[in-house]
Every structure is written in C-alpha cells, then in structure tokens.
Amino acid sequence: MTTVADRLDTLAEVVDLVEGRAPAEVEEQARHLLAHASRRLAAGAQTTAALAGATGSGKSSLFNALSGTRLAEQGARRPTTSKTLAVSFSATNPELLDLLGVERRYEAEPPTPQLADLVLLDLPDHDSTASAHRDEVDRMVGLVDQFIWVLDPQKYADAAIHQRYLRPLAKHRDVITVVLNQADLLTPDQLQQCLAHIGRLLEADGLGGVPLLATSAVTGMGIDDLRARLGALTSGKRAAAQRLEADVAVVAARLDESVGRGKAGKVGKDTVTTLTQQLAAAAGVPVVVHAVRDSVRHRGQLATGWPLVKWIGRLKPDPLKRLRLGIGGSKNEPETPALTRSSLPARSAAASAHLSTGLRAFAHELGEGLPNVWQESISQAVYSSERRLPDDLDRAVVGADLRVAKPPVWWAVIRGLQWLLIVAVVVGLGWLTINRLLGYFGMPPLGSSRSGPTAACRCRSRPSWRSGACSRASSCPSSRN
C-alpha cells in the first residue's frame, strides 16, 4: 500500500502537470493541502480530535466529561469568544497547536492511558449568530484529524449541519464519529428511534456506517465507549495520515473532474511518415543530400586524381564547406561549435505551409479522445514549437554526422599506386638517359659486361661500342698476324 507521503508526492507531480489547465480554485486548494500536509507530518503523530455541534447540544459538557476537567464553560455562562479551546493529555506540542492556530491551550492528566497522545478541541457553535464562530468552525474543519459531531434530540435533523458539514465530508468518513448527546432525555424506545433516524440521514449524506454513539454527560452513558473510540484512533498513530489521505482523495477527485479523463490518441504511421518528410524538406535535407554527393565526388577527385595536376581541383570549393556543413570532426579541422549556423537557403513558403499542415494533423491525432483542455494544450505546444523549428532543425542538420570526414581506404590505395607508377616512370627515364650519355662517350651501358665485344672480335683496333658490336670498318687480323 502506498503511504501518505507517496500520495502527496504523486499529488505534487499532478499539480505541476496541470498547472494553468485546472481551475485556479482547485489548483490553489491542492497547493494549500501540500503545504499544510508537510507541516502537519512534521508536527508529530499526536491526534487532534474536535467536538463540533450546535448551540444547546451539550458539546461543552461532553468535552468536560471526556477530558475529566471543567475547562469548557457551559450553558448561560458559555463565552461568546470565537476561539477554540484545546486540552493536551501530555506535554503541549506548540508546533501542532500553532499549525491549528489554537491560542487557548491547557494540559491535563489523561483520563485513560490510551488518550495520552490526544489533543481534544472544543469548537465554537457552528450555528452561532456570530459569523466569527462559524468562520472558526469552517477553518478547523480543514485542519483537525478527527471530528466528533455532537447532535441533540431536538435538532439532530437540522439541515445546517447536514448540508454545510456532514454531506461535504462524505469522503472523510474514516475521520468522523457522530454522537447523539443528551440521551438521558429519551426513553429507550425513543433513543432507538432517534438513532435509526439519524442512521438514515447519515446514509443520505453518504456517511452510512460511520460510528454512531449515544452519550450523556449527566449520567455518563457512552462516555467510556467514546473514550475507547478515541483511544483506538490515538494509539494507532494513524489519525493524521488518514485525514491527509482523505484530503488527497478529495483534491484528486476535483482535479480529475476538472481536467477530465482520456487517453492520448495514437498517431498513424502515415502521419508520422508525412511529417518526417515535411520536416526533412523544411530542414533542407534534400539540399544536404546533393551537397554530400557532390562533396564526396569532389573529395574523391582530389584524393585519386593525377597528383601533378589535382591541385587545380582545389580551386573549386567543397560543396559542404560552402554550406558550412560537415566541416568538423577530422584531426586537422576543429569541431563545429554548438552555435554554428549553416548556410542552407531559407525554406520556401510552400515547405512552411506543408509543415504547418503536418503539425496540425499530428496534434489532432494525438489529442483525439482527450478533453478539450488537453487538446488545446497540445495545439498550443505544437504551435509554440513551430516557431522554434527553423533554428532547431538547422542545429540538428549542423550537428548531424555526415560521415564525410574519414576518407575511404581505397582512395589511399589508388593514391599509393599512382605514386608508385610515377616513381617507376622517373626511374626508367633516368636509366635511359644515363645509358645514352654513356654510349655517346663510348662507355659501356649500365648493367653490361666490358669484355664481351673485345673477346668476341679480338681486334687490336678499338671496337665500336655504340652498337655493342665490332665495327665492320675494322677487320680482324689474320691468324698468322
């Protein structure tokens, strides 16, 4: 089971979510409850129980009988003050009584050990002619942990208490006890009839099944039963949490009624696809695609072109750099700053119109089935984001990894082969040139043997080495010579 702290955390989250969408009165009530709950939980686990009733119901006599004191003045001597009276059966808890706004504070010995952690309150008469009395009762109704509504045989059916207090507190049934006081004035049959009638009235108020006791401060009837009821609530140390849980339930119901129920609509696949295409068009993605293709071709020509003339290609700017895209990420080039803007052309009026249409369709499908307040919120969110889309889309394009910073491996392979061929050509030309020079000066070519022609011709005259063979002009001498 969730604790009251968990429920309060959930309520705080909900209040933040519906801020500006729920009625101001409901939102204020929720925030007031959150502020009060925090202070109430911090004030300790003492239970505050208030006696409330009409003039002449014997409420003050019952207060004295329960507390074992004579602190509450009765009858004709009853004061006209609008202040609540509090008696603590242990050391006074100033933080708790300050939270309740109670100035008349007393301490007394607990009539039973179970009531040691109880703070008993005597409220002014709710039907007093003094408006300050009614205001005090209304204020305390929203603060105390437990209510003991004191009825009397003459006015127990008074519409004022049922319509003004009991019926609105129907969702606080766990914190309410109803008492028919002055039961000694009735015969047993009359008492049973009154209790049965009160039970039907409570049922109509939505409080059927709440504890209903008959008491008499004169004879002591029901006093012990009421003390036992308060003792059980106090010893459980759950009264404050139960009251706060009931308050959270009431506020949550009002919020639920205010903002309505519903499940967000499901956006169709076709709508998402269409909106994606419209966003791409508005962001200039087709232009970027062509620029990437041209940039790869341009860089490939620079990387694989003939090394001796490819410098001419550098005079032509890179298509991506012209758009200020894909200029970062390499070792020799700094990364693109986050605030860098591209040089993409502004989107056309037609692209803007198509994008607006796509966004409206997206918002409509997303809000379908939701209450009007949420449909309007979705539309407003989409409309406000539409004004930021140009900047957001441009930043997204600038920050996209276009995968052009790292050149393909085969570019380097081709470049290496080109240089290898160049080196081979240079070496071959050098070899031929040197051999021609050596032949011109009558020297053997590189890589030839010096004794070849001389040994073959055995000529005394100098052979001709230009053709690599003996000259016909010189004949070999006869064998006899």
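Visitor: Which residue of β6 does Ile148 stand opposite?
Guide: In this predicted model, strand β5 covers residues 146–151 and is joined to β6 by five bridges. The two strands run parallel. Within this pairing, the residue of β6 that stands opposite Ile148 is Thr177.

Visitor: How many residues of strand β6 are buried?
Guide: In a regular strand the side chains alternate between the two faces of the sheet. On one side of β6 lie Ile176, Val178 and Leu180, and on the other Thr177 and Val179, with both faces covered. Strand β6 (residues 176–180) is therefore largely enclosed by the rest of the structure, the number of its buried residues being five of five.

Visitor: Which strands stand at the edges of the sheet?
Guide: The sheet is open, has seven strands with mixed pairing, and follows the order β3-β2-β4-β1-β5-β6-β7. Each edge strand has a single partner, so one side of it is left without a neighbour in the sheet. The strands in question are β3 (104–107) and β7 (212–214).

Visitor: By what angle are neighbouring strands of this sheet turned against each other on average?
Guide: The strands concerned are those of the open sheet with the order β3-β2-β4-β1-β5-β6-β7. With direction ignored, the average turn between neighbours is 20°.

Visitor: Which residue of β4 stands opposite Ala50?
Guide: Strand β1 spans residues 47–53 and strand β4 spans residues 118–122. They pair in the parallel sense over five bridges. In β4, the residue opposite Ala50 is Leu121.

Visitor: Are helices α1 and α2 roughly parallel or roughly antiparallel?
Guide: Two packed helices are described by the angle between their axes and the distance between the axes. For α1 (residues 4–17) and α2 (residues 24–42), the axes are 10 Å apart and the angle is about 150°. Because angles over 145 degrees count as roughly antiparallel, the relation of α1 to α2 is roughly antiparallel.

Visitor: How many residues of the contact of α1 with α2 are nonpolar?
Guide: On the α1 side the contact is made by Val4, Leu8, Leu11, Ala12, Val15 and Asp16. The α2 side contributes Glu27, Ala30, Arg31, Leu33, Leu34, Ala37 and Leu41. Three residues of the contact are charged and none is polar, while the number of nonpolar residues is ten.

Visitor: What percentage of the residues of the chain count as buried?
Guide: The chain holds 16 helices and seven strands. Among its contacts between residues at least 6 apart in sequence, 69% join residues at least 24 apart. Of the 481 residues of the chain, the proportion counted as buried is 38%.

Notes:
Residues numbered from 1 in each chain as written. Predicted model: local features only at pLDDT ≥ 70, side-chain atom pairs only at ≥ 80, totals over all residues. Heavy atoms only, no water. Axes fitted to C-alpha atoms, helices over the stretch in contact; angles between N-to-C directions. Helix = DSSP H or I, 4+ residues; strand = E, 2+ residues; numbered from the N terminus. Parallel < 35°, antiparallel > 145°, perpendicular 65-115°, else oblique. Contact = heavy atoms within 4.5 Å. Nonpolar A, V, L, I, M, F, W, Y, C, P; charged D, E, K, R; others polar. Buried < 20%, exposed > 50% of the residue type's maximum accessible area, 1.4 Å probe, protein only. Pairing = 2+ DSSP bridges.
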